[in-house]
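Visitor: I would like a close look at a single part of this protein, taken slowly. Please start from one covalent link and work outward to the strands around it.

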Amino acid sequence: QVQLQESGPGLVKPSQMLSLTCTVSGGSITTKYYAWSWIRQPPGKGLEWMGAIAYDGSTYYSPSLKSRTSISRDTSKNQFSLQLNSVTPEDTAVYYCARATSGAYDYWGQGTQVTVSS
C-alpha cells in the first residue's frame with residue numbers, strides 16, 4: 001500500500017517562499033511510469049494541478065505557476081518537494097501530493113493547510 005504524507009509550515013508570510021515535502025512509503029518514486037504531483041485547493045474553489053516530477057526526474061509545471069514553482073526530489077529519502085516563491089494570500093490552500101498513472105491519481109496524501117498571512 002502506497003502512502004503519501006505532506007509536511008511543511010502551515011503559515012507563510014507574504015512574499016516569502018512556501019516549501020513542502022511529500023514523503024512516500026510503500027513504493028519508490030523512481031518506479032516506471034509514475035508521476036508525483038502537487039495539487040492544491042484554495043478555500044471555496046476547485047482542485048488546481050501545480051506540477052509534477054516523473055519517475056525519471058522530468059518536471060512539469062502549470063503554465064500559470066511555472067514562473068514561481070520548483071519541484072525536486074530526494075531519491076535517497078523517497079521524497080519529493082514543492083517550492084513556491086513570492087507567495088500572496090491567494091496561495092492560501094490545502095496542498096496535496098498525489099501519485100499519477102495513466103492520467104489518473106491513485107494515491108493521495110491527506111493534505112496540509114497552508115495559510116499565507118502576515
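**The disulfide and its surroundings**

Guide: The link between Cys22 and Cys97 is right-handed, with 65° about the S-S bond. This is a predicted model, and in it the sulfur atoms of Cys22 and Cys97 are 2.1 Å apart, which falls within the 2.5 Å that is required for a disulfide. By that rule the count comes to one disulfide. Cys22 belongs to strand 3 (residues 18-25) and Cys97 to strand 9 (residues 93-101), so the pair ties together parts that are 75 residues apart in sequence. As for their surroundings, both Cys22 and Cys97 are buried.

From Cys97 the path leads to Ser37, since Cys97 is among the residues that Ser37 touches once those up to four places away in sequence are set aside; the others are Trp49, Gly51, Ala52, Phe80, Tyr96, Ala98, Ala100 and Tyr105. Ser37 itself lies in strand 4 and is buried, with a relative accessible area of 2%. The strand that holds Ser37 is mostly covered as well, for six of the seven residues of strand 4 (residues 35-41) are buried.

Strand 4 has pairings with two strands to consider here. With strand 9, the strand of Cys97, strand 4 pairs in the antiparallel sense over seven bridges, and Gln41 stands opposite Val94 in that strand. With strand 5 (residues 48-54), strand 4 again pairs in the antiparallel sense, over six bridges, and here Trp36 has Ile53 as its bridge partner. Strand 4 and strand 5 form a hairpin with six residues between them, and in the turn Gly44 has a positive phi of about 75°.

On the side of Cys22, strand 3 is a member of an open sheet of four strands, arranged in the order 1-3-8-7 with antiparallel pairing. Strand 1 (3-7) and strand 7 (69-74) stand at the edges with a single partner strand each, so one side of each is left without a neighbour in the sheet. From one strand to the next, the twist in this sheet averages 20°. Strand 7 pairs with strand 8 (residues 79-84) in the antiparallel sense over six bridges, and Arg73 stands opposite Phe80 in strand 8. Phe80 leads back to the earlier part of this account, as Phe80 is one of the residues that Ser37 touches.

Definitions and conventions: Residues are numbered from 1 along each chain as its sequence is written. This is a predicted model: local features need pLDDT of at least 70, side-chain atom pairs count only at pLDDT 80 or more; totals for chains, interfaces and linings use all residues. Side-chain values use heavy atoms; hydrogens and water are left out. Buried means under 20% relative accessible area, exposed over 50%, partly exposed in between (1.4 Å probe, protein chains only). Two strands pair if DSSP finds at least two bridges between them. Contact means heavy atoms within 4.5 Å. Axes are lines fitted to C-alpha atoms, for helices over the stretch in contact, and angles run from 0 to 180 degrees between N-to-C directions.
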